[in-house]
There are 2 protein chains.
Amino acid sequence: MKNFAGTPGTVTGLLLRLLQCLFASGSIAAMATTKSFFNFTAFSYLIASMGLQVFWSFGLAFLDACALAKKKVLHNPVLVSLFVVGDWVTATLSLAAASSSAGITILYFNDLGGCSVREECQKYQLAVALAFLSWITIGISSLIMFWTLAAG
Amino acid sequence: MKNFAGTPGTVTGLLLRLLQCLFASGSIAAMATTKSFFNFTAFSYLIASMGLQVFWSFGLAFLDACALAKKKVLHNPVLVSLFVVGDWVTATLSLAAASSSAGITILYFNDLGGCSVREECQKYQLAVALAFLSWITIGISSLIMFWTLAAG
């Protein structure tokens, strides 16, 4: 398997994983500190999905860091297949969660004419924006992983 | 480039494209015949995204049918790269549209305690379900395309 930027066990790969963790935990923090997120299925789903994202990305960041420290190469086809499946599942869940929350945020704060509680609204919007950023970084990781696997 | 089920210019490829068209047009039909979809940004976005999907899938179905009829092979790397980019863009837009509409449908019909107009609600739910089916078929197509491109 070829070694290029973003593949497991490289510095860029580790950086991507850390960014995913950062954005996803930011999104959880912004959403969980609002007073009424549990009234909305989509917002609760966002928290669940971002939680899964944090676990997955943190695990892989840890693996990357170990591989970097011990100068080991992580290009075992079975391991990469596992990373590909996990990455695709979390990327799809993240996009779905971010979009459904964005749909509701736009509904409340544009279609239904403005938001009543100023601070809550900003938190919802921040959570959605961070979820989309998290999706972009996991999307890049999954494309790189899939390419690594397919290119052999 | 290898020739396997679902690659451009095969019968399974053509079938996948036709299914995408069918599900996307069904979703548009179900959504556009409701009375109040234009009040919701997400529902209007669903129609726009599914419209794009129909155009793209119909164009590729036409190409596949031509290639099948003339027994030509469509495995030019430039052409396949174009298909990959188009497939990924439409797949991402479809998933985002389906999820944001699903978020609003669930908000109205579960979180806010039931739907007032029975027929409208069923149409919204049908449109969302068909959009997800359309996303699944375009997702399969895009994975196959990406694999074809990466495997060379």
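Why do the copies meet through the same surface? Because 100% of the interface residues of chain A are also interface residues in chain B.

A word on the basis. This is a predicted model, where local features need pLDDT of at least 70, side-chain atom pairs count only at pLDDT 80 or more, and totals for chains, interfaces and linings use all residues. Residues are numbered from 1 along each chain, chains are lettered from A in the order in which they are written, and side-chain values use heavy atoms, without hydrogens and water.

Now the interface. On chain A, 23 residues are in contact with 23 residues of chain B; contact means heavy atoms within 4.5 Å. The buried area is about 1900 Å², and carbon and sulfur atoms give 79% of that. Buried area is the accessible area (1.4 Å probe) that two parts lose on being put together, summed over both.

Salt bridges between chain A and chain B? The count is zero. A salt bridge is a side-chain nitrogen of Lys or Arg within 4 Å of a carboxyl oxygen of Asp or Glu.

Which elements of chain A give two or more residues to the side that touches chain B? They are α3 (77–111) and α4 (118–151). The largest share, 12 residues, comes from α3(A). Helices here are DSSP runs (H or I, at least four residues), numbered from the N terminus.

Last, the symmetry. A turn of 180° and a shift of 0.0 Å along the axis lay chain A on chain B with an RMSD of 0.0 Å. That is the relation of a two-fold axis. Copies are superposed by least squares on C-alpha atoms of residues with pLDDT of at least 70 in both. Of the residues of chain A, S100(A) comes closest to the rotation axis, at 1.9 Å (C-alpha).
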